[in-house]
Number of protein chains: 4
Amino acid sequence: MGKGRLEAFSDGVIAIIITIMVLELKVPHESNLEALRPLVPIFLSYVLSFIYVGIYWNNHHHLLQAVRNVNGPILWANLHWLFWLSLFPFASGWMGENHFAALPVSLYGGILFGAAIAYYILTRALIAHHGKDSTLAAAIGRDFKGKLSLAFYALAIILSFVNPLVAFAIYVLVAMMWLIPDRRIERTLAP
Amino acid sequence: MGKGRLEAFSDGVIAIIITIMVLELKVPHESNLEALRPLVPIFLSYVLSFIYVGIYWNNHHHLLQAVRNVNGPILWANLHWLFWLSLFPFASGWMGENHFAALPVSLYGGILFGAAIAYYILTRALIAHHGKDSTLAAAIGRDFKGKLSLAFYALAIILSFVNPLVAFAIYVLVAMMWLIPDRRIERTLAP
Amino acid sequence: MGKGRLEAFSDGVIAIIITIMVLELKVPHESNLEALRPLVPIFLSYVLSFIYVGIYWNNHHHLLQAVRNVNGPILWANLHWLFWLSLFPFASGWMGENHFAALPVSLYGGILFGAAIAYYILTRALIAHHGKDSTLAAAIGRDFKGKLSLAFYALAIILSFVNPLVAFAIYVLVAMMWLIPDRRIERTLAP
Amino acid sequence: MGKGRLEAFSDGVIAIIITIMVLELKVPHESNLEALRPLVPIFLSYVLSFIYVGIYWNNHHHLLQAVRNVNGPILWANLHWLFWLSLFPFASGWMGENHFAALPVSLYGGILFGAAIAYYILTRALIAHHGKDSTLAAAIGRDFKGKLSLAFYALAIILSFVNPLVAFAIYVLVAMMWLIPDRRIERTLAP
């Protein structure tokens, strides 16, 4: 089975998720700076979520480069991962709306954690289909960055009840870590 | 007429349906667990609907694999099927919002029934175009699972007025039945 | 310039328009039949608009079959047409929300009229680029059905102030006329 | 890395942005002309924003024609540009909702400015990857129109506090300037 439609469908879902998150920025009825102030945390939350969804799209794009074809379990692993991404607008909106209160910040970490696990399952399904000696398996490697992220998310979920801003800072830190271009797959694929 | 644009358009519509359903999870203004509680049935309803739309995307993907080209009636049969899918966000939201009350659970079954009939019509339009001896017709076969689903939906529509939770359990059961990978078409297409 | 991205972008916009129209069907807070009753005109309006957008997608699909490549004016003629389509959710929602009152029914006709003019301009831009002796020009022909539709829309816009239901019936009639498969282009392209 | 998915994803995001902007036109509960009057500035704002997003889609389409392949920094430069575009629905809605008051008109200019800078960065990332002697670099050239637009936006941001309508007129003027077909890249690519 070709990978074309999997890519097209994922692109569609991710494009919609990234765009409807902005709808949480409700248009104020007044036109002064005061009216914008309550939107600041929602905007910050939006920026962070945009970056996370952007990182995922980027990584998915890189990952699928090395994929030759897909099967049923891969389609479902991909849908499962998209399900977690689809919860970003809610988690992001709730975190912003409540000015980074403990529980919403913690839930945001839970969604990040779930999405990361789902992405890990997707890579396993791909490796199971392509073989442990495939270019794909070599390109994914031990996935140190992925495992480190999971540890950070778990830490932040707990810390959010101590100090939500520290938890938020951890989310920003992990995003920065991923923004550094991931050359693993590009390197392995290069001649 | 090529099938590319039919696939692309269907992917677009399904991607949007699956994503706007999450908008029913309205962001609460408070940040405690109490604020999340009324969202639980809406979330469960969302999960079920996500799985159903995912199953349809998957089956449509498999189905179109065996399609060589399309004609006018097929385009319309496909649009008719997408119409029923487009009612999922409403039916799902109404069922969750009203904590699985009788009428919304029944209507949800009605939408599932309509979508299943529309999908059946689509397969007939495809077989009419490709011939009864085509790979496609062989791959679709007698479609026992599709017919069984229709019977279950009809049963659930009636039972929802006796006990809506039993009807909901039937919807979950049918979804589970479809989640078991459908190897019919893959098997027939394999060399 | 290839036509691939024009098709992909149009498919995306049309898929979104057709899907967000359903958001006008607001989920009621109660779970009885009374709660569904005010939604009936909105639903009817949605069905008609779904069919019209479906007809346009279908016709656009057929039209682009015969197109070889595109230029700047064609891109803009296409965007202009998509602009009119983007007003469907508003016009459709207003008509349904107000139970087919005179002004909304008239405005709906105005949007249909504008979209039809925009589609006509698009076909002219395509013919100007491909030449009057092209397969495309032959396939479009005199476009009798398109001109007849314009006349009907104009009639309905006026009649909606006399009896909006007559105007609505005319919209249904024109849609039926287009649902009859349009074999013009298919016939001309066939060997 | 191929450019196909970058184009598809950008098309998806732009299609959604251009379509959700229309949701700011909230359906009125009454059916007379009075009910439409408050929507006039929102509609004008929508038309202008539709044209700007259309111009960007057009320019992006032309730009990508000359692109051979992409790398990580290009993907991120593109996402950064899409981020600015995603703020259009908010800025456009706020400007319309407040009848072109000073601050919203100024913010709208700020979003236009940010999007233009982001587009400039994208062209630089593309040139850095393709080389200064590439067809792409030649096609982009000195980008006089892009720099002039930036100056106009900056002027309008300031002038909006003196007279917002003058600032709005500048936005319309710049849009007109871009609507004149941009033949630079088409000319350079032609044999």
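This passage looks at how chain copies are arranged and how two helices of chain B pack. The model is predicted, with local features requiring pLDDT of at least 70 and side-chain atom pairs counting only at pLDDT 80 or more, while totals for chains, interfaces and linings use all residues. Residues are numbered from 1 along each chain as its sequence is written, and chains are lettered from A in the order in which they are written.

Chain B superposes on chain A (least squares on C-alpha atoms of residues with pLDDT of at least 70 in both) through a rotation of 90 degrees with 0.0 Å of shift along the axis, at an RMSD of 0.0 Å. The two copies are thus related as by a four-fold rotation axis. Within chain B, the residue that comes closest to this axis is B:Gly12, whose C-alpha is at 4.3 Å.

Turning to another pair of chains, 24 residues of chain D are in contact (C-beta atoms, placed from the backbone, within 7 Å) with 25 residues of chain C. On the chain D side, the elements giving two or more residues are helix H1 (4–20) and helix H3 (40–65); helices here are DSSP runs of H or I with at least four residues, numbered from the N terminus. H1(D) supplies the largest share, eight residues.

Inside chain B, helix H6 (residues 102–130) and helix H9 (residues 164–179) pack at about 25 degrees, with axes 9 Å apart; axes are lines fitted to C-alpha atoms over the stretch in contact, and angles run from 0 to 180 degrees between N-to-C directions. H6(B) and H9(B) are therefore roughly parallel (angles under 35 degrees).

Definitions and conventions: Contact = placed C-beta atoms within 7 Å. Parallel < 35°, antiparallel > 145°, perpendicular 65-115°, else oblique.
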